[in-house]
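Me: I am a first-year student and should like a close look at one part of this protein model. Please explain how the part is built and how its side chains are placed.

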Amino acid sequence: MPLQTVPLTRDQAFAMQEELIAGFSEEAFRRKLGARWKAAGNDMVLQARARQEVCLEVQGPIITKFGFEASRKGAAMSVLALQAPELEQDAEITARNLLLGRLADPSKRVTRGSGRDYQGAAQGGGASGGGSGAWGSRATTTGAGVALPAEECSPTGKAPCAPAAGTVAVDIAVEASRYEGLEVPRGCTVGQWKQLLATGLLGGAVAYAERLRCHVEGAEGRGLDDAAPLPEPPDIVGVQGPPPVLRMLKLGLQRKGQPPDGRPRLGSYRLGRKLGSGIRGVCVYLAEHVTDGSEAALKWPAGRDEVRALRELERRAPVLGAPRLLALGTHRGRPFVVTELLGERLSCAFPRPRLHPLEARWRAVRVIGRLLVRRLESLHGCRYVHCDVSPENILLGSGGPPEGSSAEDPRGALCLVDFGLARPYPGGEALEGGQGSAEWSSVRSAEGGVRRPEDDLEALGWVLLHGLFGTLPWIPVLSDAYAEWSADDVREGVLGQVRRMKSQLLDYMGTGSATRAATWELKGLDWQKFAETPRELYQFFRVCQAESKYPQRPDYAALSALLGSSGELTSAGAEQQDRQDWRQFVTPLL
């Protein structure tokens, strides 16, 4: 049977809305709706069904006065009639639709001082509301009549709509239109989605949703039966069916979905500009969530070892200084990871302190070192080693310089990133000497083999030395060799040379003089400046090179003490103190 709507005049629409607003405002209705909603728990299907059934008890006697059935179909038709284009041009009709949507949605708290409070909603604008089984709206309205919950307001005037736990955003195509970011329960089947549409997922019920036919857009012949999982991006769910049903679906999707903007999309994130790139085509992009607009960092293609490490670290315990993992997925058969967006690389910040006297630089570098020793201790405590500690893989916290003399500098929340080489310890696979950043790797790791916590800590030592004095003697050697790095003989020869140079420089820092061999190897390089290396930093290297056997751990307390830690504070207290020291000693140099 074809779906037909009963046309309403403005006066009829106004009168029907008036009665519905009064019915939905009754305390008995509010209590019953709230109780049924609470009883449904977090099940979206049960929530939608409860709302439809309770609302229909109020709607039925009212809508029959205007020619509609007192049924689910009749309620849907009454909503469709109120959304007729000629009525939606009327600001007051639209405002009343918005208010009805909120009154019929238990997840939205609405306060109403009088029966005429809906008039303030006309000042808000936005998309019109839908139905109650039948009614619901995502639009944000402001004004004297509708008091929005504080958590739904934002400085931009747009209501944030982050996906709820256990949901996923999908893309829908209806005829020539495409809608993105529609939230559905994770693991939802096509049949369950149709049931949700029929019970008010889009605000208004889509009557006869069971008549819709779904397929994967662009995949010829790939139809979807009701038992099939609803495809997630990058797949697009194409929908066909009777024109009146499609019209109701499109009206709802216009309220809930987002039009495409042409940027590539991976999962629930839209790609923006490239933030950085590495070897083998790995890129990090600025990404924006399609639903709430929040920004994040998306890495694609991510190595499977990195995905495994991030998952394992997330499962075991929060790691101090590891970026928060927001999403995982695959695109074109290759993994991507989404993490919180952080600040600039430490390598970008380091040159600025070197414009200051050595004493000021050392104070700043000690703070940075203490923060990073604590982060490596946290990582190693989860039985993982990073294997690629470098200034490029250490990011400052997000945010800019603090305002005011007492504000904390958010940049001091340092984070370790790029876990592409991270390995379990003990039990991790061996790495070749050339894997990782040879500029910063430990002397021992150049020979290849299983990486240890001490290797991460020694690499941190070279990072701190770089922050103190600038370019290390072997960096130009490596820069010249990278053009032929794929040649085994070139790579092995340069790694051996760099290993010797590091050992020779450590000897020079310890004795204040260089051997004849070291002088020849370092000839022409600006290495004499390292004679000013603080004694504590030299001892830091020696402590790192004193290997421990599992389950014995490196002496993190001794390393922190060499960098100025008093050792009297708890880990949390020391972190807080170092963040304050960052504000005092590092911020003025950045």
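Reply: The account below begins with one helix and follows its surroundings to other parts of the chain. The model is a predicted one.

The starting point is helix α16, which comprises residues 535-544. Which of its residues are buried? They are Leu 537, Tyr 538, Phe 540, Phe 541 and Cys 544. Around the axis these residues take up an arc of only 150 degrees, and therefore they lie on the same side of α16. A general rule helps in reading such a pattern: an α-helix has 3.6 residues a turn, so residues three or four places apart point the same way.

The next matter is what covers this side. The cover over the buried residues of α16 includes α11 (358-381), α12 (453-469), α14 (488-511) and α17 (556-562). Two of these helices, α12 and α11, are considered in turn.

Helix α12 supplies a partner for one residue of α16. Trp 462 and Phe 541 make an aromatic pair, with 4.4 Å from centre to centre and 50 degrees between the planes, and the pair is tilted. A pair is called tilted when its planes are neither under 30 degrees apart, which would be stacked, nor over 60, which would be edge-to-face. The pair joins distant parts of the chain, since Trp 462 belongs to helix α12 and Phe 541 to helix α16, 79 residues apart. Are these two residues buried or exposed? Trp 462 has 0% relative accessibility and so counts as buried. Phe 541 likewise has 0% relative accessibility and counts as buried. The two residues also belong to one aromatic cluster, together with Trp 474.

The helix that carries Trp 462 may be examined as a whole. In α12, 17 of the 17 residues are buried, so this helix is largely enclosed by the rest of the structure. Its length can be checked as well: at 1.5 Å a residue, the 17 residues of α12 should span 24 Å, and the end C-alpha atoms are 25 Å apart, which agrees. The expected value follows because the rise is multiplied by one less than the number of residues. Just after α12 comes Gly 470, with a positive phi of about 95 degrees.

Helix α11, another part of the cover over α16, holds Arg 370. The relative accessibility of Arg 370 is 7%, so this residue counts as buried, the limit being under 20%. Which residues does Arg 370 contact, apart from its neighbours within four places in sequence? The contacts are Ser 560, Leu 563, Gly 564, Ser 565, Asp 578 and Asp 581.

The aromatic pair of α16 may finally be set beside others in the model. A search of the whole structure finds 5 aromatic pairs. One of them is formed by Phe 24 and Phe 29, whose ring centres are 5.0 Å apart and whose planes meet at 25 degrees, so this pair is stacked. Phe 24 and Phe 29 are both buried.

In summary, the buried residues of α16 lie on the same side of the helix, and their cover includes α11, α12, α14 and α17. Between α12 and α16, Trp 462 and Phe 541 form the tilted pair.

Terms used: Residues numbered from 1 in each chain as written. Predicted model: local features only at pLDDT ≥ 70, side-chain atom pairs only at ≥ 80, totals over all residues. Heavy atoms only, no water. Buried < 20%, exposed > 50% of the residue type's maximum accessible area, 1.4 Å probe, protein only. Helix = DSSP H or I, 4+ residues; strand = E, 2+ residues; numbered from the N terminus. Arc of directions from axis to C-beta. Contact = heavy atoms within 4.5 Å. Phe/Tyr/Trp six-rings, centres within 6.5 Å; stacked < 30°, edge-to-face > 60°.
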